[in-house]
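Student: Got a minute to go through this one with me? I'd like to start with a pocket and then look at some helix packing.
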Amino acid sequence: MPSIHDILTEAVALHNGGQTERAAVLYRDVLTVEPAQPQALHLLGLQMRRAGRELQGAALMARSLRLAPMLAPALFNQGRALQDLGRLDEATAHFRRKLELDPDCGVTLIRLGSEALARGQLLDAGRLLRRAAVLDAGGEFASRLRRSLERVATARELARDAADPSLPPGLVVRGPFRDNSGYAHKVRRFVRHLVDAGMRVRLVDLNHDDVDNLPDDQIDPVLSTLDRPVRAKAVLSFTTPLLVEAVPGLKTINYTVFEALDIPPLWAAHSRRHDHVVVATDSSRRAWLQAGHPADRVHICPEGVEPLEPGRVKPAAILDGTGRRLADYRVRILNVSDLNSRKNLEGLLRVWLRTTRAEDDAALLLKAGKGGGASGSIRDLLVRLTAETGRTLGEAAPLFLIEGKLSDTDMMSLHAAATHYWSMSHGEGWDLPMAQAGAMGLTLLAPDHSAYRAYLNSRVAHLIPSHVTPALDGYRGREWWTPDEGEAARLLRAVIDDPDGTRRTARDHLLEHFGWRSAARRLLGLLRDLEAL
């Protein structure tokens, strides 16, 4: 009969080989015989945590550490679990104990250094991150550490500038602005209009990762000039709460969004450290309040749309692999989505396959992902959906797929090539492509939930009834919304069969209330109210 040691060794091998369920069975076998076996408790807790059972996993790892306080791997993994549960001080204590046992553990140094940087403890951050950089010279974390140390140096510079009476007053804005993400777009638009309104801005790039940036000639040249020092009272970041880093002596304000009903504990814990949180819609504000964030420290400032006159943007000339032209179809429905479960491309394509016919005078224009590689994912999804629906892509109205990195101008050309915009998303913090489509006069088909309710109503758009459901993947443990596919199919059929009779426009409504110039002025007013200027 195998010993406890043999069973545990086999379980660890299965765990490391990715067979976590079989490993969990063996961990439980060990604990049945020896309930106080620390390593089995730790590894079963780790497996449960990775399966989404955070509280149970953390409880098991806590038991293992009570039995074996010096079990270094358990200290690190319990620190990560406590972070995810929003217990940041306890997590830091675990990482410090781990570092005492293993002073040359680079990943622990990075965790502690990043935590110090987030708190604005720049001396500690620099010391810890430099130690990690020496240990990992030329290793897998070298680029990440170099960028972290650059941010430490920049934070010191911003703090010095804030105390220099010879410098002109201004605002520090920190966020991505060179890539084609949603956060980068809002930074570009807000900052440009803040500058146009007379605000002196120092723009600091958020440089956590090596990303595939837009070419310089596709970025407003004004932004490259905003590197001069200012005497600021606050740093306004545009990012998720986890990536905000405080600067000593300056207020910390973060502009962010969330797409489900409430934010995770880790977001809530980081947000409570910040002086103020600014969100785009009441839906996001309620997500923060639901997590216990103080009501007087979370504020609403909607994002914006570009006021483009009809005909000003040239429609993109789009052909499919058979030479068919998108422009030849009367109804041209656009969707722009990342390749993630929240965007619910599965639901959108399922409705398209079930509802449309090859003879329809309609086509779906899908811009999927921010870079290349979307076609393989969409092809795999369609294979699964054709089996599920019993309908092939050839039996449905055509699909035009666009992938790759597009500039802001190219994205506008996609919008100009369409007549309708349709989303089946499970939740949005804003949905810039939908809002911009409405501003350009496209007929909108939008789920009736989250951010859509902030700028759309049934008078200016077609709203799809939605209901609350458990969220998936990165939103696991939260709840989001699921649009009614039956109602979406009915609506899709109606707009294809009678595009004139179902025509609705949100253009005037959006341009009157949600232009970027107005958005920037609202943000300026809010910053003054918060004594950040």
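Tutor: Sure. Keep in mind that this is a predicted model. By class, the second largest pocket is lined by 13 nonpolar, 9 polar and 14 charged residues.

Student: OK, and how much space lies in that second largest pocket?

Tutor: About 1,200 Å³. There are 36 lining residues, and Q83, D84, L242, L266 and W267 are the closest to the centre.

Student: Which elements give two or more residues to the lining?

Tutor: Those are α3, α5, α7 (106-119), α9 (142-162) and α11 (265-273).

Student: And which one gives the most?

Tutor: That's α7, with 5 residues in the lining of the second largest pocket.

Student: Switching to packing: at what angle do α3 and α5 pack?

Tutor: About 30°, with the axes 10 Å apart. For reference, α3 covers residues 38-50 and α5 covers residues 72-84.

Student: So what do we call that, roughly parallel or roughly antiparallel?

Tutor: Roughly parallel: angles under 35 degrees count as that, so α3 and α5 qualify.

Student: Left-handed or right-handed crossing?

Tutor: The α3 and α5 crossing is left-handed.

Student: Which residues meet there?

Tutor: From α3 you have H42, L46 and R49. On the α5 side they meet P73, A74, N77, R80, A81 and D84.

Student: How do the residues of that contact divide by class?

Tutor: The contact of α3 with α5 has 4 nonpolar, 2 polar and 3 charged residues. D84 turns up in both topics: it belongs to this contact, and it is listed among the residues closest to the centre of the second largest pocket.

Methods
Residues are numbered from 1 along each chain as its sequence is written. This is a predicted model: local features need pLDDT of at least 70, side-chain atom pairs count only at pLDDT 80 or more; totals for chains, interfaces and linings use all residues. Side-chain values use heavy atoms; hydrogens and water are left out. Axes are lines fitted to C-alpha atoms, for helices over the stretch in contact, and angles run from 0 to 180 degrees between N-to-C directions. Helices (H or I, at least four residues) and strands (E, at least two) are DSSP runs, numbered from the N terminus. Angles under 35 degrees count as roughly parallel, over 145 as roughly antiparallel, 65 to 115 as roughly perpendicular and the rest as oblique. A crossing is left-handed if the near helix is turned anticlockwise from the far one by less than a right angle, and right-handed if clockwise. Contact means heavy atoms within 4.5 Å. Ala, Val, Leu, Ile, Met, Phe, Trp, Tyr, Cys and Pro count as nonpolar, Asp, Glu, Lys and Arg as charged, and the others, Gly among them, as polar. On a 1 Å grid over the protein atoms alone, a cavity is a set of points where a 1.4 Å probe fits but cannot get out, and a pocket is an open set with protein on both sides within 12 Å along at least five of seven lines; lining residues have an atom within 4 Å of a point. Grid points are joined across faces, edges and corners, and a volume is the space filled by probe spheres set on the points.
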